[in-house]
Amino acid sequence: MDKQKALFQYCLRLADSSLIMGQRLSEWCGHGPVLEEDIALTNIALDLVGQATAILNYAGKVEGKGHTEDDLAFLRPEREFRNVLLAEQPNGDYAFTIARQFLFDVYQYYYYQSLQKSKDETLSALSEKSLKEVTYHLRHTSQWMLRLGDGTPESHERVQRAINELWMFTGDLFDMDEVDALLLKEGVSIDLKEVKGKWENHVAELLEKATLQLPVQTFMQAGSRAGKHTEHLGFLLAEMQYLQRTYPDVKW
Amino acid sequence: MYTETHSREMILKILSEIPDPEIPVITIKDLGILRNVELNSEGCRVTITPTYSGCPAMKAIEDQIRSTLQLHGIGNVEIKTLYAPVWTTDWISDEAKEKLRKYGIAPPEKKSLDKGSLLGKAKHPACPQCGSMNTEMISQFGSTACKALYRCKDCKEPFDYFKCI
Ligand SMILES: [Zn+2]
């Protein structure tokens, strides 16, 4: 694998995780438990889709085959998506969505903090920009984790169950392969082992504040780096890509 | 050839008057979205920077730039989106902040986002209607990506706060 191919893959991983998470959150549009939360989740979705758009645009240039950000978002099949498994998990109840988002926000927070120092100017600039937005997201989901965890017996039980169910998808966030190894050497990508340490500390500290238990299970799902997904991604893409698949090149 | 009739400064001035599509009392220049104008033999290159990654107004702003220049006979326009340096509310001028306040939007406070306060208390901007500091946050996310929703506990009016980033 050469540097250009690796960089293209790396951009897809970053962009797809934001895109799929944004698409999931947008499913809440019009269904939020209260108006403010409906607006909050769709605002976060908008930021994430925006981040994905910018990185996919760059990915298209790196790839050099004339693909636009829309081509990459709407015309790739499931196995070519590189989003983390956590992002594609269905929304569940509100506690589940908040727990999933919280785990993802902490990940993005430390990820972008580190990637700001990338030698790749585009990735560095986009990371600095995204970090400002992610800080707001994390502040929002942290407050909800505290309210739900340290709330009523029912809210506590629901958010605890969500954390337990999501835990097996968190190992995949930090898996590294030859793409990471190559770009890390070039100073372009980051060491996910470092991000993992910060993520674990942050999550453990907040769960404790929220009177929640840190899951102890050790089995972790893996595979997103190679395009191996859970059964949920295909359904999400079927909806997201429907229009471009049905009416190729349609514009409106 | 428009470069004979329009200098860079003239084009910059024309573009400086384009209002923000979501907050029409301030311009894209006031907000710091309009970064640069360059002229060359082919045409004109306008550099803009987005406020938020997913800001849907960016497309409207691009269209507005093209149509405004078209009216002045400048057709060959390239629009470049610049991500670095990263946009910050610190670029909004004091004059523009005053316009925001008069419009009913509490302007961003001096310093951009304090990264240390992930769990900290929300800021308490002054109410743009009555000036009271007795305000509270309703939601960190408001009607557009750049705003949070607040209410004044004295005059009871809800208001938007332009978030610091
Ligand atoms: Zn008031």
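## The zinc site in chain B

Let's start with the metal. Four cysteine sulfurs hold the zinc ion: the SG atoms of C127(B), C130(B), C152(B) and C155(B) coordinate the zinc ion at 2.3 to 2.4 Å. Please keep in mind as you read that this is a predicted model. The angles among the four donor atoms run from 105 to 117 degrees, and the site of the zinc ion is tetrahedral. If you look along the sequence, you will find the donor residues spaced as C-x2-C-x21-C-x2-C.

How accessible are two of these cysteines? C152(B) has 2% relative accessibility and counts as buried, because buried means under 20%. C155(B), at 28% relative accessibility, counts as partly exposed, because that value lies between the 20% and 50% cut-offs.

## A lysine on helix α9

Now over to chain A, where K193(A) sits in helix α9, a helix that covers residues 192-209. Is K193(A) buried or exposed? Its relative accessibility is 61%, so K193(A) counts as exposed, the cut-off being over 50%.

For a sense of distance, you can pair K193(A) with Q217(A): the two are 24 residues apart in sequence, and their C-alpha atoms are 19 Å apart in space.

## A nonpolar surface patch

Which residues form a nonpolar patch on the surface? They are Y242(A), L243(A), Y247(A) and W252(A), and together they have about 560 Å² of accessible area. One of them, Y242(A), belongs to helix α11 of chain A, which spans residues 242-246.

Note on methods. Residues are numbered from 1 along each chain as its sequence is written. Chains are lettered from A and ligands numbered from 1 in the order in which they are written. This is a predicted model: local features need pLDDT of at least 70, side-chain atom pairs count only at pLDDT 80 or more; totals for chains, interfaces and linings use all residues. Side-chain values use heavy atoms; hydrogens and water are left out. Patches are made of residues with over 30% relative accessible area and no salt bridge: like charges are joined within 9 Å, nonpolar side chains (Val, Leu, Ile, Met, Phe, Trp, Tyr) within 5 Å. Accessible areas come from the Shrake-Rupley method with a 1.4 Å probe; for residues, only the protein chains shown count as cover. A salt bridge is a side-chain nitrogen of Lys or Arg within 4 Å of a carboxyl oxygen of Asp or Glu. Helices (H or I, at least four residues) and strands (E, at least two) are DSSP runs, numbered from the N terminus. Buried means under 20% relative accessible area, exposed over 50%, partly exposed in between (1.4 Å probe, protein chains only). Donors are N, O and S atoms within 2.8 Å of the metal (3.2 Å for Na, K and Ca); water is not among the atoms, so sites may look incomplete. Four donors count as tetrahedral if all angles lie between 85 and 135 degrees; four count as square planar and six as octahedral if opposite donors are over 155 degrees apart and all others between 65 and 115; anything else is irregular.
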